[in-house]
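Work through the exercises below with the structure in view. Try each task before reading its solution.

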Amino acid sequence: MDNIRYGPNRTLVCWFIVFVMGLFFSACGGDTPKRSPDKPEVKQEVKEQPGKPDAKSTKELPKVFVVHSYHPEYEWVASINRGIKSVFQSYPAELNFYYMDTLRKPDDESKKARGEEALQATNDWKPHIVITCDDNAQAAFGKHLVGRKDLKLVFCGVNKDPGFYGYPA
């Protein structure tokens, strides 16, 4: 499982996410927020797993649900989270992170259960963007979102051919 490459690839993934988020927000008509010294800065709500976001969600901000294959202490996951959070300093959004923890719970039953939990959280919370990270998240969760019109799906850290999960190749 430690075949994940670091270095330039990690940076490329973070910049790719920045690029996709910029496209999404510009397509939504959102401009880069102009900060004024007399106006308070909009703070993003960052929620960490487990699962369901709380009911007092901010309605005005875009909702972004990030589903990782692994646990938050894993350096690959932490670096992706840093990249995502840095993007949303310029584009405020409500973030929710979900960690499938498949390195420590690698059996198929656990992967399937965690994928179903993430799918249920998606259906309950109704995010605008879902970011899936690494192959286990694609297999147990992301592939079930292909073709949905109610959200934008961004995937990263995919080692298999994206077509394997039904993604455009």
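## Exercise 1: a buried charge

Asp135 is buried yet takes part in no salt bridge; Lys160, the nearest side chain of opposite charge, is 5.9 Å away. The model is a predicted one.

**Task.** Explain why Asp135 and Lys160 do not count as a salt bridge, then place Asp135 in the fold.

**Solution.**
- Step 1. Recall the cut-off: a salt bridge needs a side-chain nitrogen of Lys or Arg within 4 Å of a carboxyl oxygen of Asp or Glu.
- Step 2. Apply the cut-off. Lys160 is 5.9 Å from Asp135, so the pair does not meet the 4 Å rule.
- Step 3. Locate the residue. Asp135 is found in helix H4, residues 135-140.
- Step 4. List its contacts. Leaving out residues up to four places away in sequence, Asp135 touches Ser69, Gly157, Val158, Asn159, Lys160 and Tyr165.

## Exercise 2: the strand S2

**Task.** Decide how enclosed strand S2 is, and find which strands pair with it.

**Solution.**
- Step 1. Count the buried residues. In S2, residues 63-68, 6 of the 6 residues are buried, so the strand is largely enclosed by the rest of the structure.
- Step 2. Sort the directions. Lys63, Phe65 and Val67 point one way, while Val64, Val66 and His68 point the other way. Residues on both sides are buried.
- Step 3. Take one partner. S2 pairs with strand S3, residues 94-99, over 6 bridges in the parallel sense. Lys63 stands opposite Glu94 of S3.
- Step 4. Trace the link. The chain leaves S2, passes through H2 and arrives at S3; this β-α-β crossover is right-handed.
- Step 5. Take another partner. Strand S4, residues 129-133, runs parallel to S2 and is joined to it by 5 bridges. Here Val66 faces Ile131 of S4.

## Exercise 3: the helix H2

**Task.** Compare the span of helix H2 with the expected one, and name its buried residues.

**Solution.**
- Step 1. Read the length. H2 covers residues 75-87, which is 13 residues.
- Step 2. Compare the spans. From first C-alpha to last, H2 reaches 19 Å, close to the 18 Å expected at 1.5 Å a residue.
- Step 3. Name the buried residues. They are Trp76, Val77, Ala78, Ser79, Ile80, Asn81, Gly83, Ile84 and Val87.

## Exercise 4: salt bridges

**Task.** Describe three of the salt bridges, with the exposure of each partner.

**Solution.**
- Step 1. Start with the total: the count is 6 salt bridges.
- Step 2. Take Glu73 and Arg104. Their closest N and O atoms are 3.4 Å apart. Glu73 sits in the loop between S2 and H2, and Arg104 in the loop between S3 and helix H3, 31 residues apart. Glu73 is exposed at 58% relative accessible area, and Arg104 is exposed at 51%.
- Step 3. Take Glu117 and Arg114. They meet at 3.7 Å, N to O. Both lie in H3, 3 residues apart, about one turn of the helix. Glu117 is partly exposed at 40%, whereas Arg114 counts as buried at 15%.
- Step 4. Take Arg148 and Asp150. Their closest N and O atoms are 2.7 Å apart. Arg148 is partly exposed at 24%; Asp150 is partly exposed at 46%.
- Step 5. Look for shared partners. Salt bridges join Glu73, Asp101 and Arg104 into one network.

## Exercise 5: the whole chain

**Task.** Give the order of helices and strands along the chain, and the share of buried residues.

**Solution.**
- Step 1. Count the elements: 4 helices and 5 strands.
- Step 2. Read along the sequence. The pattern is α-β-β-α-β-α-β-α-β.
- Step 3. Find the buried share. Of the 169 residues, 44% are buried.

Notes. Residues numbered from 1 in each chain as written. Predicted model: local features only at pLDDT ≥ 70, side-chain atom pairs only at ≥ 80, totals over all residues. Heavy atoms only, no water. Helix = DSSP H or I, 4+ residues; strand = E, 2+ residues; numbered from the N terminus. Buried < 20%, exposed > 50% of the residue type's maximum accessible area, 1.4 Å probe, protein only. Lys, Arg positive; Asp, Glu negative; His and termini not counted. Contact = heavy atoms within 4.5 Å. Expected span 1.5 Å × (residues − 1). Pairing = 2+ DSSP bridges. Right-handed = clockwise from strand over helix to strand, strands pointing away.
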